[in-house]
Amino acid sequence: MSRAEKKSFNGWKWAFFVLLAAIIISGAVVVHRAAAPAPAPEVSRPVQTADTSLTVALNRKQVNALSANYLNKFLKGERVKYHFIVGKKYATLVGDTKFMGVKVRFAINFIPQMTKEGNVLLKAKGLSVGQLNIPLKFMMGYIAKNYNIPKWVSIDAKKKTVLLDLNRYSKHRSLKYSAEEINMEDGRFRFLITVPTNN
């Protein structure tokens with residue numbers, strides 16, 4: 001066999017092997033794709049935009065228990081303590097303070113009213129400070145400046161009112177609160193609690 005014929009044979013030989021390798025690789029790719037499991041379709045969750053609301057009915061005893069629990073936690077470590085008690089006619093703020101070096105107990109009676117925004121407005125109707133004769137406006141102003149009051153509670157000494165702003169209380173919480181009924185005489189209190197469900 002001449003050198004030219006040998007060279008031509010080697011070219012055909014390499015071309016045959018390259019073609020065979022291409023056929024085998026292509027076949028393997030086709031078989032792999034055919035045998036591979038089909039991709040699972042994406043499951044999308046339905047978007048829930050509506051809120052879920054429920055009404056909670058409380059009696060006088062339950063309201064006082066919630067108030068005591070909240071204030072015990074809020075005033076933990078504070079030197080000056082006070083209590084908020086709901087009675088049959090009034091909601092009363094009770095605490096101790098010092099006047100002229102003498103420790104005295106005070107009590108301010110309020111009539112609670114529900115606002116159109118679902119908040120609670122307390123209108124002051126009377127003050128008792130031991131045997132002292134202190135103007136109600138002065139006492140409320142003193143409490144506003146010297147007592148640790150929650151940020152969602154605002155005292156207006158001039159109007160003799162205290163606003164329990166439930167909208168502000170709910171602002172950074174997952175649950176939203178609003179008042180639906182305040183019945184002092186029957187001791188019935190209803191609050192709407194809204195639970196956002198959109199994720």
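## Exercises on a predicted chain

Of the 199 residues in the protein chain, 28% are buried (buried: under 20% relative accessible area; exposed: over 50%; partly exposed: in between; 1.4 Å probe, protein chains only). The model is predicted: local features need pLDDT of at least 70, side-chain atom pairs count only at pLDDT 80 or more, and totals for chains, interfaces and linings use all residues. Numbering starts from 1 along each chain as its sequence is written, and side-chain values use heavy atoms, with hydrogens and water left out.

**Exercise 1. Describe the chain as a whole: how many helices and strands does the protein chain have, and in what pattern?**

Step 1. Count the elements. The protein chain has 4 helices and 9 strands. These are DSSP runs, numbered from the N terminus (helices: H or I, at least four residues; strands: E, at least two).

Step 2. Read along the sequence. The pattern is α-β-α-β-β-β-β-α-β-β-α-β-β.

Step 3. Check the contacts, meaning heavy atoms within 4.5 Å. Take those between residues at least 6 apart in sequence: 46% join residues at least 24 apart.

Step 4. Add the surface. The accessible surface comes to about 14900 Å², and 58% of that belongs to carbon and sulfur atoms. Such areas come from the Shrake-Rupley method with a 1.4 Å probe; for residues, only the protein chains shown count as cover.

**Exercise 2. Place Tyr-70: which residues is Tyr-70 in contact with, leaving aside neighbours within four places in sequence?**

Step 1. Locate the residue. Tyr-70 lies in helix H2, residues 60-74.

Step 2. Classify it. Tyr-70 counts as partly exposed because its relative accessibility is 27%.

Step 3. List the partners. With those sequence neighbours set aside, Tyr-70 touches Pro-150, Trp-152 and Tyr-169.

**Exercise 3. Trace the salt bridges: how many are found in the whole structure?**

Step 1. Set the criterion. A side-chain nitrogen of Lys or Arg must be within 4 Å of a carboxyl oxygen of Asp or Glu. Side chains of opposite charge can pair when their charged atoms come close.

Step 2. Count. The search finds 5 salt bridges.

Step 3. Take Asp-96. Its partner is Arg-105, with the closest N and O atoms 2.9 Å apart. Asp-96 is partly exposed at 25%. Arg-105 is partly exposed at 48%.

Step 4. Turn to Glu-181. Arg-188 meets Glu-181 in a salt bridge at 2.9 Å, N to O. Arg-190 also pairs with Glu-181, at 2.8 Å between the closest N and O atoms. Glu-181 has 17% relative accessibility, so it counts as buried. Salt bridges that share partners join Glu-180, Glu-181, Asp-186, Arg-188 and Arg-190 into one network.

Step 5. Classify the arginines. Arg-188 is partly exposed at 35%, and Arg-190 is partly exposed at 29%.

**Exercise 4. Examine Lys-160: where is Lys-160 placed, and what is the sign of its phi?**

Step 1. Find the position. Lys-160 sits in the loop between strand S6 (153-156) and strand S7 (161-164).

Step 2. Check the backbone. Lys-160 is not a glycine, yet its phi is positive, about 60°. Most residues other than glycine have a negative phi.

Step 3. Classify it. Lys-160 counts as partly exposed because its relative accessibility is 32%.
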